[in-house]
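Student: Could you take me through one part of this model up close, and then show me how the rest fits around it? I'd like one connected walk rather than a list.

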Amino acid sequence: MKLKLLFSSILITTLGFSQSTINTFYGANNSNFLLLTSASTLDHSPTGANQTWNFSQMLSLGNSVHTYTTPTSQELTTYPGTTTDIVSTSTQGTTVNTGYLYTKNLTGVVSITGLNTSGLTANFSTNNATIGTFPMVYGYTNSDSNVAGNYVYGTYSGTFTGTLTTSVDAYGTLTLNDAGNGGYSGSVTRMKNVLNISLNYSLFSNVGTVTQTSYTYFDPTVSTSDFVFRSVTTSAVVPLMSINQTDTTIEKYPTTTPLSIVHQTLTNSILIKNPIQNKLEINSSVAIENANISITDVLGKTIFNLNNQTIEGTLEIPFSLSDGIYLITIQNENETITKKIVKN
């Protein structure tokens, strides 16, 4: 009897720490995540099998939405080979920021073809940054040492070279507490990505460096296509541009129903006619009260705001902007959604 109990205990422990497969780089369209911050630096150092991570000082900042779209002909011209445009829209209070990540998926091999965020445009057209081949399991590694392209940041522009290293380097138990949202505890498999690029400007080489380190934790029992937790730290040191800063973005899949994401009426009911010409048509199958509508261009500049609207049936808005790609964000007290629109 004692021997049977011992083997049962070992089996339970093994199952509790079992690894899972990371099936895809892409999540579900219009996925909502909580934006968090931590009162202390997150310790991602444990690697290997049967590890534990306990992030116990998490606080909510807002939310983010990930929208997956097919690239337009203009985007394909700028970022050749792109198959999926990932639009990330974060909301903290009244501040809305939008970023674009252009990717290529060729028979499971996923690469970065470009990005556009916070005034920085990076085009990886010289040599795409290869993330790796999906699905991935614990022990998988991939190193791309030939990343190259060009960038524009404010009044500066030039070329860059670098490396991207991907590793599924750990699995175990992740525990979170995020105030007001129930926290999380479960078995996860972790993917680590490190992107290092060196910037060149005019006749000068290596005028600065940018390093981005991502830790992404997956739990398929919570969400089969999305991560449950991700921490991304970007460090930029570019003396020529007077840049020396480090920023961290933390996102968590809402494993419980937070106050900021209830009654998913916007995602389920809003339909926007696309492409558009002289007017923007927003259709809703249910009445959406107190909706705020904003439109931004691809650089993140807000060019249109309309607040406290009721959307029921069809809402028509005159649209006299130039031809191009825009983002429309619709927000009420329950939810925020962002969609790409094309004017032609």
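Tutor: Let's start at Ser118, which sits in the loop between S5 and S6. Keep in mind that this is a predicted model. Ser118 counts as exposed because its relative accessibility is 66%, and the cut-off for that label is over 50%. Along the chain, Ser118 and Tyr153 are 35 residues apart, yet their C-alpha atoms are separated by 9.0 Å.

Now go from that loop to the strands beside it. S5 (109-117) and S6 (120-127) are among the elements that give two or more residues to the largest nonpolar core. That core has 31 residues, and the ones with the most contacts inside it include Phe124, Phe160 and Leu199. Other contributors of two or more residues include S8 (141-153), S9 (156-178) and S11 (204-218). S10 supplies the largest share, four residues.

Phe160 is a handy place to see how this core is put together. Leaving aside residues up to four places away in sequence, Phe160 touches Ala122, Asn123 and Phe124, a run from Val147 through to Tyr151 that takes in Ala148, Gly149 and Asn150, and then Ile197, Ser198, Leu199 and Asn200. There is also a second, separate core of 18 residues, with Ile270, Ile288, Ile317 and Phe319 among its members.

Next, the rings. The structure holds 14 aromatic pairs. One of them is Tyr26 with Tyr68, an edge-to-face arrangement at 6.1 Å centre to centre and 80° between the planes. Tyr26 is in the loop between helix H1 (2-16) and strand S1 (31-38), while Tyr68 belongs to strand S2 (residues 48-69), so the pair links parts of the chain 42 residues apart. Tyr26 is buried because its relative accessible area is 12%, and Tyr68 counts as buried too because it comes in at 17%; the limit for that label is under 20%. For contrast, look at Tyr79 and Tyr102, which are stacked at 4.2 Å centre to centre with 20° between the planes. Tyr79 lies in the loop between helix H2 (73-78) and strand S3 (84-92), and Tyr102 in strand S4 (residues 95-106), 23 residues away. Both of these tyrosines are buried as well.

Back to Tyr26 and Tyr68 for a moment: together with Phe25 and Phe134 they form one aromatic cluster. Phe134 is also listed among the residues with the most contacts inside the largest core. The backbone does something unusual right there. Most residues other than glycine have a negative phi, and most peptide bonds are trans. The bond from Phe134 to Pro135, though, is cis, with omega near 5°, and Pro135 is found in the loop between S7 and S8. If you're checking torsions, look at two asparagines too. Asn50, in strand S2, has a positive phi near 55°, and it is partly exposed, with a relative accessible area of 44%. Asn206, in strand S11, has a phi near 50°, again positive.

Finally, zoom out. The protein has three helices and 18 strands, and buried residues make up 46% of its 344 residues. Of the contacts with a separation of 6 or more, 58% are between residues 24 or more positions apart. The accessible surface comes to about 16,600 Å², with 53% of it belonging to carbon and sulfur atoms.

Conventions
Residues numbered from 1 in each chain as written. Predicted model: local features only at pLDDT ≥ 70, side-chain atom pairs only at ≥ 80, totals over all residues. Heavy atoms only, no water. Core = buried A, V, L, I, M, F, W, Y, C linked by side-chain atoms within 4.5 Å. Buried < 20%, exposed > 50% of the residue type's maximum accessible area, 1.4 Å probe, protein only. Contact = heavy atoms within 4.5 Å. Phe/Tyr/Trp six-rings, centres within 6.5 Å; stacked < 30°, edge-to-face > 60°. Areas by Shrake-Rupley, 256 points an atom, 1.4 Å probe, with all protein chains shown as cover.
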